[in-house]
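User: I'm new to reading protein models, so could you walk me through this one?

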Amino acid sequence: MLVLIQRVTQAAVHVQGEAVGQIGPGLLALVGMEPGDTEAQLTRMAERLLGYRVFADEAGKMNRSLRDTGGGLLLVSQFTLAADTRSGMRPSFTSAAPPDEAERGFNRFVGICRENHAPGVETGQFGAHMVVSLVNDGPVTFLLRP
């Protein structure tokens with residue numbers, strides 16, 4: 001499992017011209033599921049995502065988490081994040097979880113995040129062609145692994 005997080009002032013996902021998920025200040029998380037991702041990994045990643053300190057405190061230091069700020073969380077499934085790009089000129093997706101497994105894992109991850117982040121969790125639409133827009137704040141971007 002890989003999660004690319006971006007601190008944003010706003011972000012949205014549109015499918016066929018309709019907004020399916022949107023947030024104000026918070027985190028946009030692009031989620032790549034890998035074969036064999038476990039419940040323990042999903043739980044650990046949710047804890048890291050909600051607790052990762054990327055927001056400024058009163059002194060301007062990155063000491064506050066999404067949990068601390070109560071910001072929005074927009075989760076977007078992105079199988080291309082798990083691509084193997086080590087060789088050649090075309091990505092291989094053998095390192096990404098198969099669609100059925102990825103959808104189950106992503107939905108479980110969304111559920112865990114919703115259970116632990118009351119201010120709100122929005123999502124894209126699994127398997128759809130999504131148009132993701134964001135205003136990256138910083139820019140601040142990190143790749144998390146469980």
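User: Which residues does Ser65 touch, not counting residues up to four places away in sequence?

Analyst: Keep in mind that this is a predicted model. Ser65 sits in the loop between strand S5 (62–64) and helix H2 (66–69). Leaving aside residues up to four places away in sequence, the ones it touches are Leu50, Gly51, Tyr52, Arg53 and Phe55.

User: Is Ser65 buried or exposed?

Analyst: The cut-off for buried is under 20% relative accessible area. Ser65 has a relative accessible area of 3%, so Ser65 is buried.

User: OK, on to strand S6 (residues 72–77). How many of its six residues are buried?

Analyst: Let's go face by face. Side chains in a regular strand alternate between the two faces of the sheet. On one side of S6, Gly72, Leu74 and Val76 are buried, and on the other side Leu73, Leu75 and Ser77 are buried too. That leaves S6 mostly covered, and the count of buried residues is six of six.

User: Which residue in S6 is the bridge partner of Val31?

Analyst: Strand S3 (residues 26–32) pairs with S6 in the parallel sense, over six bridges. In S6, the partner of Val31 is Ser77.

User: And which residue in S7 does Leu75 stand opposite?

Analyst: S6 also pairs with strand S7 (residues 121–123), in the parallel sense over three bridges. Opposite Leu75 in S7 stands Thr123.

User: Through which helix does the chain cross from S6 to S7?

Analyst: This is a β-α-β crossover, and it's right-handed. On the way from S6 to S7, the chain goes through helix H3 (residues 99–116).

Key
Residues numbered from 1 in each chain as written. Predicted model: local features only at pLDDT ≥ 70, side-chain atom pairs only at ≥ 80, totals over all residues. Heavy atoms only, no water. Buried < 20%, exposed > 50% of the residue type's maximum accessible area, 1.4 Å probe, protein only. Helix = DSSP H or I, 4+ residues; strand = E, 2+ residues; numbered from the N terminus. Pairing = 2+ DSSP bridges. Right-handed = clockwise from strand over helix to strand, strands pointing away. Contact = heavy atoms within 4.5 Å.
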